[in-house]
Amino acid sequence: MITIDGRSVPAGGTVLDACRAAGSPVPTLCHDPRLSAGGHCRACLVQMDGEWVAACHTPARDGATVRTDTPELRAYRRDLGELMLAETAPAGMAREQIARWGAEGARYPRRPREAVRDHTHAHVRLDLDRCILCRRCVRACEEIQGRFALAVEGRGAASRLAWGGGAFADGACVACGACLTACPSEALTSHDTAPHFRDVRVTRTTCAECAVGCQVDVHVTDGPDERVAHVEGAALDAPNRGHLCARGRFAHHATSPAERLTQPLVRRNGALEPASWDEAIVAASEGLRAAKGAAAVASARATGEELYLLQKFARGVLGTNDVDTGSRASHAPSDVALREAFGHAAATTSFDDLEHADALVVTGADPDGAHPVLAARLRQAALAGAALIVIDPRRTPLAELADVHLALRPGANVPLLNSLACALIEEDLVDHAFLEAHAAGWETFAPFVRLHTPERWQDTTGVPAAQVRRAARLLGRAKRPWFAHGLGVTEHRQGTDAVRLIANLACLTGAVGRAGTGVLPLRLECNAQGALDAGCEPGRLPGGHAVSDAVARSHLAALWGRPLPEAAGRALEPCWRPHARASSARCS
Amino acid sequence: MSERLESDVPRPAPPVPEARLRERMRRRAPEPPAGNALADFAAGLAPEDVVVRRGLPTAAAHAVRSFYHQLEPGLRVCDGTACRFGGRELLRAKLESHGGEPMHVRCLGHCHAAPAFRQGNTVYAKPADIEVGAWLDLWGEGVHPVADLVPPARTSLAAEPVVLRHVLAPQRTAPRFEDWELPAGDAVLDAIERAQLRGRGGASMATHEKWRIARDTPAAERFVVANAGEGDPGSFVGRLLLEEDPHAVLAGMLACARAIGARRGFLYVRAEYPLAQRSARRAIEDAREEGLLGGHFDVELVIGAGAYVCGEETALLAAIEGRRGEPRRRPPEPMESGLWGAPTVVQNVETFAVVPWAVRHGRPHGTKAVSLSGAVQRTGVVETPVGTPIERVLREAGGGPPPGREWKMAVIGGPLGTVVPASRFDTPLAWDALPGMGHGGIVVLDDTVSARDVAMHLFAFAAAESCGSCTPCRAGVTQLALARDRAALERLLDTIHMGSLCSFGRSVPRPLRDLLRHFGDEVFA
């Protein structure tokens with residue numbers, strides 16, 4: 001126990017934790033519960049057993065006595081505030097905090113730093129005349145996004161926040177906005193964090209960009225011109241743990257009336273004209289009646305309910321199983337292969353698991369582009385010491401951090417993954433106990449895979465055998481391997497086989513069904529899994545039942561009060577091909 | 001997975017993300033580049049080149065580059081205490097009259113031969129037997145001074161000198177490798193404990209305790225670091241030892257490595273000591289040739305880049321890693337989590353030089369080597385029993401004040417140490433009797449110096465060397481010289497002392513309070 005201002009609370013954490021538990025307010029500026037303690041601002045000074053200590057990074061010693069509010073401390077805080085106001089002009093929370101200490105900015109002659117301003121970046125504006133050098137932004141960039149775009153340059157009074165020279169927009173910033181959420185002095189702001197957005201209505205929802213599933217709080221202005229003011233990461237237990245990426249945080253600008261449709265349009269005499277909803281629905285139904293046949297294409301960014309209704313409309317109203325999504329083609333290989341291997345067409349693991357993994361294998365994916373918040377978590381895990389193996393023809397940002405980057409020729413996934421399995425078996429780095437208990441086919445698999453040595457395939461894959469063997473050793477010696485793969489696996493001709501091989505690697509290393517291990521297919525859109533579960537595919541009904549399953553069909557027919565078509569649907573290749581190419585070029 | 005090799009367990013993640021990134025980039029490089037980023041910058045590489053060479057983020061490379069002030073040796077006049085009050089302005093004017101544009105350096109460790117300056121990697125200083133004006137007059141037009149490499153005089157007031165046992169030996173006949181016959185690690189630790197060794201830099205922890213903690217902290221790797229970041233004006237014991245007895249320092253490091261189970265050591269020598277760097281490098285090569293280093297334990301020489309605060313342990317370790325030399329919060333202490341997060345023993349070179357003696361003799365070690373400069377007749381390094389009154393050191397080793405002068409005060413332990421007025425020169429030189437004594441280096445000031453001048457000198461030092469990481473120190477030290485009266489200055493000193501993160505800021509106020517206490521209004525005269 002530790003005594004804070006006369007109240008006893010459990011020791012163990014920091015003095016600051018104990019002070020908060022005891023209900024003693026201790027001011028902080030550089031402290032951010034998401035980040036490591038910095039100890040820079042020294043605002044949280046308290047007296048512990050007669051010594052002056054910074055509460056934020058001092059362990060709460062058992063049996064110690066702490067005082068947080070004495071005349072000396074009040075005088076100290078005020079003087080600290082006066083010193084800050086002599087070198088800088090903070091706004092926001094820092095300004096309010098300093099004012100509460102009684103500092104007025106009159107005690108010391110002002111010796112302000114050079115007032116650097118940089119407004120070159122689309123989303124992050126820097127006004128360093130407000131900076132208090134608390135380094136929360138630096139730590140947020142490093143510890144949340146793993147990006148290292150910010151640092152402090154210079155020394156002593158000449159210290160200043162910096163990004164390596166040149167315009168900030170040309171630096172390493174990826175606009176994730178972690179720094180914006182950390183800055184207490186409004187030295188870092190975006191157009192979204194302007195103060196006039198403060199009084200707003202907040203809605204908790206799921207981000208509709210990529211498949212990570214970030215929880216967001218959408219702040220909406222009240223009143224007649226209701227619109228999205230800003231979006232913040234929410235829920236520390238969500239996949240994003242309160243973090244967001246540039247798209248999640250800033251893409252809401254597309255909701256502004258200037259950038260989207262606000263009413264139905266009907267084409268009359270070759271031109272689109274505004275129409276009422278009734279007119280538009282009548283026009284649409286007339287068109288569908290007149291058509292010889294119709295098919296439905298769903299976006300995997302729609303909600304589960306919308307996707308369910310769309311396939312119900314196709315099957316129950318249009319009378320066709322020709323219903324599809326672009327993501328079906330991108331993910332069918334994972335569905336087939338994972339269903340075969342694990343009996344379940346989905347990930348066997350979660351994002352939280354990767355933090356307990358000690359080897360990360362990322363194949364055919366560029367999460368920094370396609371799943372930025374996952375990329376942030378992967379970078380943190382790698383920086384914390386997990387081995388990182390990237391299998392991708394591209395030098396992705398993640399590959400730059402990798403222990404081994406197997407930069408194979410495009411399309412060579414299958415021989416490469418086989419040779420990786422071969423190297424594991426040759427060096428006996430496989431989990432025999434797991435294979436015996438949970439896997440089938442070892443007797444035929446092992447002799448076959450042994451033929452596919454890294455040396456045999458190195459000319460085909462373009463990856464030197466020694467690199468494959470190095471990756472195999474890192475993977476085989478890991479206690480908790482974790483696998484993720486993206487469209488760079490599934491959109492290849494041998495996509496299904498490649499996913500089978502990834503599942504094989506997971507079995508060989510015993511990386512199934514244990515905490516910190518597993519196989520995770522990286523979907524493209526936020527509801528790719530939901531689109532398939534809802535039945536937006538030509539061969540499967542809601543719940544994954546085959547269209548050929550008469551029992552499932554009659555069950556749905558009874559529910560819907562409509563007969564269901566028996567003929568298998570057609571995949572809409574000509575429709576989705578161009579879409580898939582465009583999105584993979586952009587996203588994966 | 002039949003066999004898991006425990007030796008492949010990665011090192012514990014270093015506590016700082018940037019260090020984690022660096023460790024990762026180092027690990028994945030096929031051939032990690034030798035040295036560190038400081039060495040790259042000293043070799044003239046631009047931040048952009050260091051980004052490529054070390055896989056560093058661009059922002060971090062610029063941040064490191066801009067932290068250090070001695071990456072271009074150039075022409076620099078020493079601003080140390082002895083030089084400041086020993087003719088620095090005359091020297092500066094002379095160099096300027098020769099067309100030079102001297103920059104600043106604190107300090108060249110030639111306090112015994114003040115004033116001093118460096119030109120490139122050569123240090124020039126005034127010989128003891130000549131007045132400043134006469135010395136400067138000796139320079140011909142466009143010709144540089146004659147004196148180079150003035151070695152400090154050395155003497156002992158102790159019956160058995162320990163620190164200076166080799167540098168005092170006539171003719172230096174002692175074999176360079178005599179100290180290297182060492183027992184096993186446990187025996188080393190026991191001997192160190194019997195010798196009651198404590199850090200000679202002034203830190204108070206018993207050396208054997210520190211080493212035991214490093215040995216017993218679970219880790220895949222451990223490091224030994226010798227600290228020759230002797231940045232304090234008025235101290236040059238470490239320079240003398242490195243220049244003339246580097247083998248003893250290396251042998252002490254080896255003893256420590258045995259005791260804690262380390263395979264790698266780093267000898268950090270500050271940028272301002274070019275001669276000590278050369279001598280240390282030669283000694284490491286000698287020892288490798290003899291097979292004493294290089295196998296189970298090797299030592300790498302790391303050159304600083306100009307930052308006083310790198311004498312602080314955690315800042316020193318950051319500098320060795322090639323980062324900004326900023327002290328970090330504690331805990332953890334370096335012996336638990338130091339270089340790259342591994343347990344690391346950091347000792348001053350003087351401590352390491354004593355270690356082989358302590359291991360051999362196992363007797364309590366009760367002396368301290370002290371640098372002596374300023375207003376005495378004989379400057380240099382003196383080894384004296386701990387507890388010797390200051391005045392005895394100044395008279396017996398220093399020969400008293402120069403003719404016609406009177407002592408006014410002494411700055412002891414550097415600009416963050418303590419100021420002792422001449423009336424208190426009976427105070428014993430001991431850490432308990434003289435808080436702030438630190439390494440014990442003494443700069444004596446005579447009655448031509450005003451307390452105001454001393455205060456301004458200390459203000460300027462603090463403002464130039466604060467790292468800027470924490471607010472009270474960064475924002476406070478720039479206000480010191482502007483304080484209007486005693487009350488305002490004392491308020492400021494309280495804030496800097498109470499709030500600062502590391503021992504730099506916490507120590508800045510002590511000598512200034514000494515000045516206020518003993519000289520009062522003269523500080524504001």
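Here are some questions and answers about the two chains in this predicted model.

This is a predicted model in which local features need pLDDT of at least 70 and side-chain atom pairs count only at pLDDT 80 or more, while totals for chains, interfaces and linings use all residues. Residues are numbered from 1 along each chain as its sequence is written, chains are lettered from A and ligands numbered from 1 in the order in which they are written, and side-chain values use heavy atoms, with hydrogens and water left out.

Q: How many residues does each chain give to the contact between chain A and chain B?
A: Contact here means heavy atoms within 4.5 Å. Counted that way, chain A gives 69 residues and chain B gives 56 residues.

Q: What area is buried between chain A and chain B?
A: Buried area is the accessible area (1.4 Å probe) that two parts lose on being put together, summed over both. Carbon and sulfur atoms give 52% of it, and the total is about 5000 Å².

Q: How many salt bridges cross the interface of chain A and chain B?
A: A salt bridge is a side-chain nitrogen of Lys or Arg within 4 Å of a carboxyl oxygen of Asp or Glu. One of those across the interface joins B:R474 and A:E87, at 2.6 Å from N to O. Across this interface the rule finds four.

Q: Which residue of the salt bridge between A:R117 and A:D127 is buried?
A: The two side chains meet at 3.7 Å, N to O. Buried means under 20% relative accessible area, exposed over 50%, and partly exposed in between (1.4 Å probe, protein chains only). A:R117 is exposed, because its relative accessible area is 54%. At 5%, the buried residue is A:D127.

Q: Which residues share a salt-bridge network with B:R330 and B:E333?
A: Let's begin with the pair itself: B:E333 and B:R330 form a salt bridge, their closest N and O atoms being 2.7 Å apart. Salt bridges with shared partners extend this into one network, where B:R330 and B:E333 are joined by B:K210, B:E312 and B:E313.

Q: What radius of gyration does chain B have?
A: The radius of gyration is taken over C-alpha atoms, and the globule rule is 2.2 Å times the number of residues to the power 0.38. For 525 residues, a compact globule would be near 24 Å; chain B agrees with this, having 23 Å.

Q: What percentage of the residues in chain B is buried?
A: The C-alpha trace of chain B spans about 80 × 50 × 50 Å along its principal axes. Of the 525 residues in chain B, the buried ones make up 61%.
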